[in-house]
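Here are a few exercises to work through with the model open beside you. Try each task before you read its solution.

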Amino acid sequence: MKPTNGPTESNNAASTFRRRKRMKAFARDRYLYLMLLPAIGFYATMKYLPLYGEMIAFKDFQIMKGIWDSPWVGFKHFRLLFANEDFYLILRNTLLLNLYSLVFAFPAPIALALLLNEVRSGWFKKTVQNLLYLPHFISWVVLGGIVVAILSPSTGVINFMLERWFGIEPIYFMASAEWWPVMFTLSGIWQSAGWGTILYLAAMAGIDPQLYEAAKIDGAGTARRMWHVTLPGIRSTIAILLILRIGQMMDIGFEHIYNLQNNAVLEVSEVISTYVYRIGLQGAQYSYTTALGLFQGVVGLILVLIVNRVIKAMGERGLW
Amino acid sequence: MVIRFGRAMLYLLLALIAFTTLFPFLNVLASSLSSSRAIVSGEVTIFPVEFNWDAYANLLRDGQLFRAMKNTAIITGVGVVLQITATTLAAYPLSKRRLQGRGIMLALILFTMLFGGGLIPLFLVLKALHTLDTYWAIWLPGLISTYNLFVMKTFFEELPIELEESASMDGAGDITVLLRVCLPVSKAIIAALSLFYAVGLWNTYSSALFFLTSSDKMPLVIMLYQMIQSPAETLLAVDSSDTGVVQPEALKAAAIIIAMLPILCVYPFVQRHFVKGMLIGSVKG
């Protein structure tokens with residue numbers, strides 16, 4: 001580091017002194033700021049510039065005129081949006097599919113982790129874990145392709161097995177409005193339940209073994225030990241992950257849904273992200289879908305803020 | 001007796017769950033190696049019936065697949081280098097508490113996790129930067145994962161301070177300290193984050209769908225998606241000279257397996273890094 005000069009021509013005003021000190025800190029850390037340049041460029045152009053672009057939700061965006069020069073139209077696009085039946089359909093689908101995964105997919109890793117935690121044999125546990133983690137690393141294009149293939153009414157193995165063993169006629173799983181949400185939820189469990197156990201297993205590893213000993217002495221069997229020791233031990237992990245999950249209720253991963261979607265089930269499968277792609281990007285209705293995106297973002301932000309309050313009120317460390 | 005029975009049930013149940021997870025993969029693998037007749041008549045479960053390589057032979061005869069694989073390799077290879085470099089360069093200064101403006105920068109970065117600009121404004125930005133239909137449209141929006149950035153920042157913060165102090169004492173500047181002192185002890189975290197980035201890029205689908213238009217630039221997953229969606233157009237054109245017609249199902253299955261293969265090959269060797277990376281991020285973050 002450079003040697004610091006004493007404040008020779010010292011000015012008594014504290015603010016000047018502070019400013020000089022800050023300038024000196026900038027000079028001292030100039031290489032650190034240099035390192036930050038790519039990140040600053042990234043966040044400025046890829047994160048904050050699009051926020052500025054959100055302005056077109058209140059304008060009639062014209063490509064030739066650009067964001068700034070396109071004419072203001074106030075809340076026109078929001079009025080169009082809220083008057084459109086599509087909006088209520090995709091909002092319902094977004095919330096409903098999220099609700100299904102909250103009810104069915106959220107508890108899955110907890111149950112799996114409880115089971116895995118009871119396994120004593122190291123190699124067995126490792127092997128099962130590795131197999132369960134696998135789908136998490138595979139693209140939704142591949143997973144979606146597999147789901148569609150095995151559920152196919154004409155060549156899918158599931159329908160063949162149902163027919164051979166139970167005499168059930170082929171079911172059009174992916175083309176039926178009743179079955180599609182079921183398959184969407186199940187495929188979500190398939191992809192993420194295994195990977196989701198990691199955090200719970202880590203929390204379980206942190207539980208004091210003496211608690212288990214004490215429960216054993218009191219005559220508690222495996223099931224009771226799970227209920228009275230393991231579950232309370234991971235309570236705060238569950239709470240935080242649950243609340244984080246609720247914060248994402250407005251969001252459905254585009255890739256998961258888009259790769260399972262087909263025209264026969266748009267009525268139950270079209271959600272905000274796929275609608276923005278279809279109508280906005282493909283249909284070039286930029287302002288209208290930006291208004292929808294802004295609505296989604298604002299509701300999502302409000303949810304996260306509420307959620308953070310709740311976490312703090314429970315006495316846990318908040319998200320920030 | 002009861003306890004032993006319960007244990008056996010537990011192991012059986014877990015084995016069953018693991019098998020169910022694996023079953024769809026096995027079925028598709030078996031289909032890709034089975035005869036058309038066996039697929040259509042529903043004889044294929046997890047073992048190939050009337051084993052043959054026709055579907056793979058057909059796919060590999062087509063130059064498209066190699067081009068798509070090469071594209072994916074470029075996207076992944078260059079992308080990981082860019083991402084891990086940008087993430088490391090940002091995480092190191094942000095881990096220094098003495099840095100002026102650190103608090104504001106961290107707050108601004110954190111905010112991007114809570115509220116985003118959405119697809120259309122990002123599209124317009126990429127268009128204005130003339131990056132549409134180039135791989136920059138994939139690399140730039142994903143240059144830094146804020147989550148990974150925080151993982152790495154936390155890791156740097158927890159390095160013993162003496163390590164760097166002794167180096168500074170010897171007159172080493174910040175860049176030297178990062179390269180000579182911090183990076184050598186951060187190999188594990190760099191490996192873990194590189195793997196996360198690499199898997200993300202290998203599987204990258206939506207940004208290619210949104211921002212690429214030329215068919216000769218498309219990555220493997222886009223080609224696969226097109227195959228799965230429109231069998232009539234893409235697949236029936238494939239001529240199979242030696243053994244009659246190969247079913248679209250077999251071709252799709254083979255394409256699915258080829259798209260997964262690289263990940264399946266490295267997965268057993270690298271999966272402990274994934275778990276480690278996940279835990280570093282969550283326990284401290």
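**Exercise 1. Work out what the chain does over residues 137–162 of chain A, and set that beside residues 31–49**.

Solution. Keep in mind that this is a predicted model.
- Start with residues 137–162 of chain A: the span is 69% helix and 0% strand, and its end C-alpha atoms lie 29 Å apart.
- Now take residues 31–49 of chain A, where the chain is 100% helix and 0% strand, with 26 Å between the end C-alpha atoms.
- Then check the record: an unreviewed UniProt entry lists both spans under "transmembrane region", along with 95–116, 182–205, 226–246 and 286–307 of chain A.

**Exercise 2. Do the same for two annotated spans of chain B**.

Solution.
- The unreviewed UniProt entry gives residues 73–92, 104–124, 136–156, 177–202 and 250–270 of chain B as "transmembrane region".
- Pick residues 104–124 of chain B: you get 81% helix, 0% strand and 27 Å between the end C-alpha atoms.
- Residues 250–270 of chain B come out at 100% helix and 0% strand, with the end C-alpha atoms 30 Å apart.

**Exercise 3. Describe the overall build of chain A: what is its secondary structure, and how does its radius of gyration sit against that of a compact globule?**

Solution.
- Count the elements: chain A has 17 helices and 0 strands.
- Next, the radius of gyration is 27 Å, whereas a compact globule of 320 residues would be near 20 Å.
- The C-alpha trace of chain A spans about 90 × 65 × 35 Å along its principal axes.
- As for burial, 48% of the 320 residues in chain A are buried.
- Of the contacts in chain A with a separation of 6 or more, 60% join residues 24 or more positions apart.
- On the outside, chain A exposes about 16,500 Å², and 63% of that comes from carbon and sulfur atoms.
- Finally, look at charge: chain A carries 28 positive and 19 negative charges, and their mean positions are 16 Å apart.

**Exercise 4. Is helix H16 of chain A mostly covered or mostly uncovered, and what covers its buried residues?**

Solution.
- H16(A) runs over residues 272–282 and is mostly covered, with 8 of its 11 residues buried.
- Those buried are Ile272(A), Ser273(A), Thr274(A), Tyr275(A), Val276(A), Tyr277(A), Gly280(A) and Leu281(A).
- From chain A, the cover includes helices H5 (85–105), H14 (254–258), H15 (266–269) and H17 (286–313).
- Chain B joins in too, with helices H6 (119–128) and H12 (206–211) among the cover.
- Past the helix, H16(A) is followed by Ala284(A), whose phi is positive, near 55°.

Definitions and conventions. Residues numbered from 1 in each chain as written. Chains lettered and ligands numbered in written order. Predicted model: local features only at pLDDT ≥ 70, side-chain atom pairs only at ≥ 80, totals over all residues. Heavy atoms only, no water. Buried < 20%, exposed > 50% of the residue type's maximum accessible area, 1.4 Å probe, protein only. Helix = DSSP H or I, 4+ residues; strand = E, 2+ residues; numbered from the N terminus. Contact = heavy atoms within 4.5 Å. UniProt positions renumbered as here; feature names shortened; annotations may be inferred. Rg over C-alpha atoms; globule rule 2.2 N^0.38 Å. Areas by Shrake-Rupley, 256 points an atom, 1.4 Å probe, with all protein chains shown as cover. Lys, Arg positive; Asp, Glu negative; His and termini not counted. Charge placed at Lys NZ, Arg CZ, Asp CG, Glu CD.
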